[in-house]
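Reader: I am new to this structure and would like to understand the reasons behind the words used to describe it. Could you take my questions one by one?

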Amino acid sequence: IMMAMRQGEGAVTPLQRKLDILAEQIAKYGMSAALLLLITLTVKYLVNCALAPEFPPASVMFSQFVSIIIEAITVVVVAVPEGLPMAVTIALAYATTKMLRDGNLVRQLAACETMGGATVVCTDKTGTLTQNRMTVVRGVVAGRTLESRAEARAFFEALPRDTRSLLLEGIAVNSTAFEGPDEQGNIDFIGSKSECALLGFGKTCGLDYRCERADHRPARVYPFSSEKKTMTTIVPVAGHEGRFRVHAKGASEIVLRACTRLVGSDGTATELDDKTRTQLLAHISAFAGRALRTFALAYKEIGDDELAACSDDEAPLENLVWIGVVGIQDPLRPGVRQAVDNCHRAGVIVRMITGDNIETARAIARDAGILTKGGQALTGPQWRKMTPEQQHAVLPRLQVMARSSPLDKQIMVERLQERGEVVAMTGDGTNDSPALKLADVGFSMGIAGTEVAKEASDIILMDDNFTSIVKALRWGRAVNDSVRKFLQFQLTVNIAAVLLTFMSAVFSADGQSALTAVQLLFLNLIMDSLAALGLATEGPTDAVLARPPLQRNSALITFEMWRMIIGQAAFQLGINLLLLNHGLDIFHLPASPHGTAVLRTMVFNAFIFLQVFNQINCRRIQPTEFNVFANIHNDTGFLLVQLFIVVAQWLIVTYGGVAFSTVPLTGAQWAGTVFIGLLSLPVGLFIRMLPDLSACFGLESANSAAQQHRPEVSTARMRMEASVKDVQYAVRFFSAIRNSQLAKQQTTADDEDRNFLGEMPQFSPRASTMPSSDATAAPTTNVSASNSWARFKRAVDKSNGSSGGSSI
């Protein structure tokens, strides 16, 4: 187990891999832009110095070179996305804090965003899909049937005395559960829920398990094994020195295979013939079909020699005597069906892996909405016998695995990952640890899980509830969306700020850019830290479950995002260049140093407000999301960040002075720059309405197959294929019935025709065809003339080979 757990360490998540590549590319482009700016401004300054009437002194040149270098370094600082890791960390930290309130304790931060791309959830049944509150509600013992929980006492008292003693002894001694105070201080049975259900049934029937255990000290105990699906305890037989009784319980069909006799209605052991075995299997199937977990109880007696020959590892499970089988009810948790439907709506396939009987597994999975029409169910032994190729062939339609072992879970994860799936796996036992570690996201149970399983997992379900997995899926997708929102905003500012700095510096007469180094640093603060706080703290909405998961290798930036980035950057660059060249005329400012200072302050102010309103644009990145103000009243973090930026900008413009190279603006000038920033919203709406031209540019659209992971065989397709097969079977069935009826009618008609010909009188060919007036009337028949004639014609046609007329 430890070696298998080490194999999954050090894995890099899909988002981390994409972000590393993107950050490296942006850094290269930023360094290239800074180097090009440095070279261009240096060459331009040297050319201007050479063309000047008088060459400037060295001190002035040195000062100018320092200014150029500072400007180039500032471009590098603006271009390099140093806030990207912080944005991811903030999004993950915020999500994990909120997930804890939803019952998810995140042990690995990366698991949160990995869960957002999950395509398959492999879940346990007991305690995760069901309430783990088990009760014996059905049973068959010694030929008598328990129909409901309320009849338990009467059912027990109707059993023979020896059978009652055997049943209670087997329930009490072959168990590890016990009675004690639970976490709330209430007295209840503690231990395996199935054993608790059996002890609860025994208590209803008058069992004092403590006395039974005190009277029957175990000689050997073989604990329950997930591979054997049984538990066995050997105890001395009271009053018989040297005799021991082997009590076995577990999976009903496995125990039944080990039995050769059964306890009859009179309490004596009789041979277990094939007919009785078939009847018992029918009872087991009936219980399982009602979503009941079936447990069988059996026993046999052995001597000292046989006890000494017993292995320490293998229980003596042969030639057992069948006592009976019980059906244990474990109802579904409230909301599980809706949670499974949400997974299907989100394009996530849910597979149930359980140790229960396959009929029980099918019934529970069908009730939970996991097993759909056309889906398949297998047992663990069937799965293990398959070759990897056969397993891959059956996986697209496999929805339920019953009688599974921890190894089956591990193989399932490996096969799914080989198909490019992002797998989430649940587990509670120590043997589940390798599968939890191997899965992309491992969920352990906070209540029923072992410490080893919790250490191997990435997320702990504090309430052991499947609905908490769906909540983790929502938060994971919200994290991925937050990172993409931040990237869209940051790249827009990157492109606009770098190009504006480069173009304004190159084409200006004095080589000064539109934005000073200090202004660019404040812009970098907005672009990195504050934007990360604002865009990474929005919670998930129901819309995140209305789209399929992302492909593992999908592009981080879609065509729609590039369209918005380039469109907004072009608009911002154009509007700022327009203000730089014609701002004095537009705002009616004097062509003086003060007028120029006011214009540069307005350009800086307009550029900042363009970013403020573009942040609102970036709240929605999906192509169908046109309302960028949706749920903004609940996005408190975003609103606070926006308020802080506006207040900080007012303070900088009003009181920044020499440090920020600004002058105070009038109310009209403030209104003008805010209006220019507001134009980002209609421009963003216009860009969203542009057609999808991703194929022309070789980019991935948000709705393309390269972005969205679609299951190879969807549940809708399975339902359709199953419905088509049902129609085909119905047509064949009714065709077979029709052909059978036609054949039967034809046979009946042939018999009637032969009988009819035999009853016809023999007429002479020369006889008159008209009866005489005094002739005796022929006896009447109850056959109509038309029918008689038709029958007669058919008979004659057949007798004459259907070639000539009648012989009459």
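Reader: What covers the buried residues of helix 14?

Author: In this predicted model, the cover over the buried residues of helix 14 includes helix 11 (274-289), strand 12 (292-303), helix 13 (336-345), strand 14 (349-353), strand 15 (376-379) and strand 16 (398-402). The residues beneath that cover are Ile358, Thr360, Ala361, Ala363, Ile364, Ala365 and Ala368.

Reader: What makes Asn357 a cap of the N-terminal end of helix 14?

Author: A side-chain oxygen of Asn357 lies 2.6 Å from the backbone nitrogen of Glu359, and a polar contact requires a pair of N or O atoms within 3.5 Å, so the pair meets that distance limit. Beyond the other end of the helix comes Gly369, which has a positive phi, near 85 degrees.

Reader: Why is Leu146 called buried?

Author: Leu146 has a relative accessible area of 1%, and the word buried is used for values under 20%, so Leu146 is rightly called buried. This residue is found in strand 4 (residues 144-146), and, leaving aside its neighbours within four places in sequence, Leu146 is in contact with Val136, Val137, Arg138, Gly139, Glu151, Ala152, Phe155 and Phe201.

Reader: Which residues of helix 8 are buried?

Author: They are Ser194, Glu195, Cys196, Ala197, Leu198, Leu199, Phe201 and Gly202. Helix 8 (residues 193-204) has twelve residues and spans 16 Å from its first C-alpha to its last, close to the 16 Å expected at 1.5 Å a residue. Helix 8 is followed by Gly206, where phi is positive, near 95 degrees.

Reader: What is remarked upon in the phi of Ala142, and is this residue buried or exposed?

Author: Ala142 has a positive phi of about 50 degrees although it is not a glycine. Most residues other than glycine have a negative phi. Ala142 lies in the loop between strand 3 (135-141) and strand 4, and its relative accessible area is 4%; since buried means under 20%, Ala142 is buried.

Reader: Why is Ser661 called partly exposed?

Author: The relative accessible area of Ser661 is 39%, and partly exposed is the term for what falls between the buried limit of 20% and the exposed limit of 50%, so the term fits Ser661. Ser661 is placed in the loop between helix 25 (657-660) and helix 26 (667-678), and its phi is near 60 degrees, a positive value in a residue other than glycine.

Reader: Which residues touch the most other members of the largest nonpolar core?

Author: Among the 115 residues of that core, they are Met115, Phe443 and Phe466. Helix 20 (residues 466-507) gives the most to this core, with 17 residues. Apart from it lies another core, of 32 residues, including Val136, Ala177, Leu198 and Ile328. Not counting residues up to four places away in sequence, Phe443 touches a list of residues that includes Asn104, Met115, Leu436, Ile459 and Ile469.

Reader: How do you know that the chain differs from a compact globule?

Author: A compact globule of 808 residues would have a radius of gyration near 28 Å, but the chain has 41 Å. The C-alpha atoms fill a box of roughly 145 × 105 × 45 Å, taken along the principal axes. Buried residues nevertheless make up 50% of the 808 residues.

How values were computed: Residues numbered from 1 in each chain as written. Predicted model: local features only at pLDDT ≥ 70, side-chain atom pairs only at ≥ 80, totals over all residues. Heavy atoms only, no water. Core = buried A, V, L, I, M, F, W, Y, C linked by side-chain atoms within 4.5 Å. Buried < 20%, exposed > 50% of the residue type's maximum accessible area, 1.4 Å probe, protein only. Helix = DSSP H or I, 4+ residues; strand = E, 2+ residues; numbered from the N terminus. Contact = heavy atoms within 4.5 Å. Polar contact = N/O pair within 3.5 Å; in protein donor to acceptor, adjacent residues only side chain to side chain. Expected span 1.5 Å × (residues − 1). Rg over C-alpha atoms; globule rule 2.2 N^0.38 Å.
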